[in-house]
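Reader: I am new to reading protein models, and the vocabulary puzzles me. Could we go through some of the terms together?

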Amino acid sequence: MFVLESILTDGIAQLSYLVGDTATGHAAVIDPRTDVEIYLQLAREHGLSITHIFETHIHADFVSGSRSLADQVGTAKIYLSGEQANYQFDGEPVFDGQQFDFGSFLLTARHTPGHTPEHLAYEVCESKHADTPWAVFTGDSLFVGSAGRPDLLGAAETGALAEKLYATLYDYFLSLDDFVAIYPGHGAGSACGADIGDRLVSTIGYERRTNTFLKFPNFDAFRKFVVEDAPPAPWHYAELKKVNSAGPAVMSRLPTIAALPPDEFRKVAREPGLSIIDTRSMLAFGGGHVPGAINIGNRPEMSAWVGQMFDLDQRLLLVLDEDRDAESIQRLIVRTGHAQFAGYLAGGMKAWEMAGLPIESLSQIPVAELRAQQTNGSPLKILDVRSPEEWKSGHIPGAQHHFIGEMRDRITGLDKETPYATYCASGYRASIAASLMRSRGFKDVSNVPGSWSAWSAAGFPAEK
């Protein structure tokens, strides 16, 4: 029996796949994430042996789990693109047209450059209809309602990659039959493509009719759309490219993380190269936190924001809502390359409070109060930290735009003595920004819970 399992990793909106045949017992995993237990579990549930691990390309937004999965199963080879690739670890090279027989079905590699030079997609055919693909694992070339961005390797390569992406989309994907299903490498929320659709699967026919990337009359119009209108590239993508090209470390288990009593936590926090991440909700953080902590709440998108805000060699101290959260939060963080944990605060903020150690707070301003201050002529400055696209779609009148993705290394053009209120879509990113500003010496910074969503729901004015 044919088996196909899609694994969605929330937060980084990454899709990986387990595909196999129970008659032969052989299975492949395509683009595994770094915590690989899910693939082992699914293979066991279906009575399959993972024999092949395919990478569609060198990933930029998460740490590949290929080497860790191969180490844990002991039965699989890693298959890497042999087309213009720069892999620096062992794997079987794969070239355009190469087929892999799993019994009832075949996988056929197709060189689909554009997002990256080496990118491969994998067609799926029934063995008795070897020339008729019914599905394609598209990796980061074609998404639902979108396509892979060609600008992640830098300006020098963007033009050539955009041209290759155009050829991949128009000469290869649009040559497929309408009934062919597409299984992409990302869903909505990933920065590897612009405005990726909510659905996790589509067909060539549906994309032909609805996908803007497939509707341009010529390359010049396509290039302008995909290059000039691309959203900002997250800072950490270039670093993860290096990690995944060199070969990620094999992870047989989550890194050790020590439970530190308050006094020890405070002592370790003074060491160089340490950052404190408070993983509680924005309201809990606002009520009281360890001085200098950055609030990145325990939600799936924590993976992307820890990757975005901290260097890979930084050691991390965690403040948790509950000590039992340590493992699940570690799992989110290692997906974007961070593996150096200096410890977590044993007993959480309650233990810190009982030890009599210093506590800071971060004011939370409801939107009604923000509106009242605005109309009363308060000196409070309002900062919109959402993406440029969100800002253009509508914002609070009089607000300034400072995209949080560009605040990591330096915060320019703002006076540390001026009071600020930060907002985003819901308050999550705004709390990251507000806590970051406080840690950089800004005297009076507040967060706006509910942020743009609450402002809009209250019927307050907006401008574009």
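Reader: How many residue pairs are in polar contact across the interface of domain 1 and domain 3?

Author: The rule finds zero such pairs, with both residues required to be at pLDDT 80 or more. A polar contact is a pair of N or O atoms within 3.5 Å; within protein, one must be able to donate a hydrogen and the other to accept it, and residues adjacent in sequence count only if both atoms are side-chain atoms. Bear in mind that this is a predicted model: local features need pLDDT of at least 70, side-chain atom pairs count only at pLDDT 80 or more, and totals for chains, interfaces and linings use all residues. Residues are numbered from 1 along each chain as its sequence is written, and side-chain values use heavy atoms, leaving out hydrogens and water.

Reader: What makes the side of domain 1 that touches domain 3 nonpolar, polar or charged?

Author: Its residues divide into four nonpolar, no polar and no charged. Here Ala, Val, Leu, Ile, Met, Phe, Trp, Tyr, Cys and Pro count as nonpolar, Asp, Glu, Lys and Arg as charged, and the others, Gly among them, as polar.

Reader: Where do domain 1 and domain 3 lie in the protein?

Author: Domain 1 covers 2–246 and domain 3 covers 363–458, with domain 2 at 259–355; these bounds come from an automatic or database domain assignment.

Reader: Why is the link between Arg 110 and Glu 123 called a salt bridge?

Author: The term asks for a side-chain nitrogen of Lys or Arg within 4 Å of a carboxyl oxygen of Asp or Glu. The closest N and O atoms of Arg 110 and Glu 123 are 3.2 Å apart, so the pair qualifies. The whole structure holds 17 salt bridges, while the count between domain 1 and domain 3 is zero.

Reader: Why is the pair of Phe 137 and Tyr 183 called tilted?

Author: Rings of Phe, Tyr and Trp (its six-membered ring) pair if their centres lie within 6.5 Å; planes under 30 degrees apart count as stacked, over 60 as edge-to-face and the rest as tilted. The structure holds 23 aromatic pairs. In this one the ring centres are 5.6 Å apart and the planes stand at 40 degrees, so the pair is tilted.

Reader: How do you know that Asp 151 and Arg 149 are in polar contact?

Author: Their side chains are joined at 2.8 Å, so the distance satisfies the limit explained earlier.
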